[in-house]
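Got a minute to go through how some labels on a model are earned? Let's put values next to cut-offs and see what follows.

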Amino acid sequence: MRASIITCLSLGGWIPAIAQAATVHDDSFSPDHILRITLLNVSTACESQSRQTVVVNGTVPGPALHLLPGAVSWIRVYNDMSDQNLTMHWHGLAQRMAPFADGTPLASQWPIPPGHFFDYEVATTVNDSGTYFYHSHVGLQAISCSGALIVDDCGSSPYDYDDERVLNFQDFFHETDSQLLAATGATETDAILLNGQGVAVGQKASVGPKGGNRGLYGAGYSSPPCQTSTTRSLHLRDDDDDGITQDNAGCSLPVIDVDPGKTYRFRFIGATGLSIITMALEGHGNFTIVQVDGSEYNVPVSTDHIQIAAGQRFDILFQSKTADELAADGNKSTYFLQFETRDRPTTYQGYGVVRYDPNVEVPEPPTTPIFNLPTDIAGWLEYTLTPLYPAKNNAPTTAEVTRRIIINCVLMNDTRTGSVGWELAGLGWTEAAYQVPMLVNIYQNGQSAIPDYAAAQNNNGWDPKTLSFPAKVGEVLEIVLQNTGATAGKPGSVLSHPFHAHSSHYYDIGSGAGTYDADANNAKLENLGYVPVTRDTTLLYSFTNTTTAGKVASWRAWRLRVTGPGVWMIHCHILAHMATGMQMVWVVGNASEIQKIPFEESKGYLDYGGSVYGNLSYHPSYYEYFNGTNQCVPIQGNTTGTISS
């Protein structure tokens, strides 16, 4: 089983390192992981014509990175593109990065210039074990520029399993990123890729080859994740080993290889830029969900299908069939995973294959669908996911809420630019709103750069001067997102939106049709005795395709404890919506709380292409923010693993 052979001890939370001089990352410095981002012409989804694509280490998706729990990792990201900026965001690892390392351009950092690299400092805690992913946060690069990010358990998982597989879903478009950004109307996905492989609309998959290791993406460790050293150590595996192998598969279905009679942890990642996907697996009964969005395990939930939107992750336990069960099933060795897009004008249907014998060819897709998958996505698993360890859960009660912010989401004509764009609470924010990143501005100008809290309270929660939402450390917020009928484009139209928070994991308290009724929802929470798990991406459902222009159609509500000073984003994870205004900059805390790096050591972060951005002829210098001590250390003499308390 996937239990460690030693017990690991949690040493507590991270504290910043004592003030010190910046450290030069010269040739003697070895990053834990290296990601090289390039622009290549790639043929994907059975298409003969190549597409200009942003790739990671030469592949789509990029390599699956495994991080140690309770450890500091340095991840070097090279921008090998000649004419595009770049950042990298560590999706779901809220407040685990050093300042300037969240990867949000013009909010938390300057982007990495072409021909440069940046070393991201990421510090996981022992309770971060789970499934995340990394992706660019510039323009629409995240359509292809992403990869799995796994934080292993400190000791054993609370659920036993033998191995794991990553199921990483992405959209494929014929149009390039720049063409998609310039498009005036809605663009639909041309294919759903599973671990980089799929079949575009109008193409047909053929029989795939035997063998290969395409079906092993994200496979687990062959040795325990705990390290015997209490200092920062290099990762156990070479990143290149976890990429998508190009094994001349041709135009065939994606495959997940498993062995009979084993329990697997399937890590589903919604790395799509547009699509909401629903899916079911032939011949295997229900899925058992044990974790969502990383960070907190939940009481197991059984479901006959999985629904995943951009930015979400679901971990399930998959029990493979035994050899006897396969024999009773006619010696069957392949089963279809059927997946379909939802809540869009057109539906894409695709298939993957779970294969029990790598010496068997990958079959063609079925001629008729195996499942009639649900078409209504609203309400799936609402008020259902509860914490496995209630004593560790810190969900705020109704009485603890100090402020409620109502944020209406609408597609409208921007009177300033004359273009159609998205607004949240009356503000459409894009990178063009700032001349310098907000966090840089705070370091340069102190308290004068902090948004006016009083002015924001009289203006739908945001400060008109800084175009940002202020929050005070210690507040308990109830953030309500309300979907409204479009006033531009197709007036009255309503879409679903997966909203993601960078600031911290929140507690999702439900959703519904119409306008939010706090009293009714609070009564529902109380009657159900519902205690939510932490999340970082949940869906603001549409509940209807059309309504009156400007009328509220639906809502989604969160509660969160404001803890981490800094500059953080909240945004829709449909990339085109985000890029055209559907995002918010939140400033948490005052200047003295936010300025965590001494000013002298922060100077390299404050200019585009500053001294923290290295290149072939220059070694960058960094303020090493965390103390580097591994919090997940072995207790000598134990032979069984337990999850840390």
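Q: What makes a residue nonpolar, charged or polar here?
A: Ala, Val, Leu, Ile, Met, Phe, Trp, Tyr, Cys and Pro go in as nonpolar, Asp, Glu, Lys and Arg as charged, and the others, Gly among them, as polar. This is a predicted model, and on that split the lining of its largest cavity comes out as eleven nonpolar, four polar and four charged residues.

Q: Which residues of that lining are closest to the centre of the largest cavity?
A: Leu381, Glu382, Leu385, Arg535 and Thr538, out of 19 lining residues. The cavity's volume is about 220 Å³, and strand β27 gives the most to its lining, with three residues.

Q: Why is the pair Tyr506 and Trp558 called stacked?
A: Stacked needs centres within 6.5 Å and planes under 30 degrees apart. The two rings have centres 3.7 Å apart and planes at 10°, so the pair is stacked. Tyr506 sits in β27 and Trp558 in β30, so the pair ties together parts 52 residues apart in sequence.

Q: What makes Phe118 and Tyr120 edge-to-face?
A: Here the planes have to be over 60 degrees apart. Theirs are at 75°, with the centres 4.7 Å apart, so edge-to-face it is. Phe118 and Tyr120 are both buried, and they belong to one aromatic cluster that also includes Trp74 and Trp90.

Q: Which residues have the most contacts inside the largest nonpolar core?
A: Among them are Val77 and Trp90, in a core of 96 residues. Val77 is in contact with Trp90, Phe118 and Tyr120, among others.

Conventions. Residues are numbered from 1 along each chain as its sequence is written. This is a predicted model: local features need pLDDT of at least 70, side-chain atom pairs count only at pLDDT 80 or more; totals for chains, interfaces and linings use all residues. Side-chain values use heavy atoms; hydrogens and water are left out. A nonpolar core is a set of buried Ala, Val, Leu, Ile, Met, Phe, Trp, Tyr and Cys residues joined through side-chain atoms within 4.5 Å. Buried means under 20% relative accessible area, exposed over 50%, partly exposed in between (1.4 Å probe, protein chains only). Contact means heavy atoms within 4.5 Å. On a 1 Å grid over the protein atoms alone, a cavity is a set of points where a 1.4 Å probe fits but cannot get out, and a pocket is an open set with protein on both sides within 12 Å along at least five of seven lines; lining residues have an atom within 4 Å of a point. Grid points are joined across faces, edges and corners, and a volume is the space filled by probe spheres set on the points. Helices (H or I, at least four residues) and strands (E, at least two) are DSSP runs, numbered from the N terminus. Rings of Phe, Tyr and Trp (its six-membered ring) pair if their centres lie within 6.5 Å; planes under 30 degrees apart count as stacked, over 60 as edge-to-face and the rest as tilted. Lists of a residue's contacts leave out its neighbours within four places in sequence.
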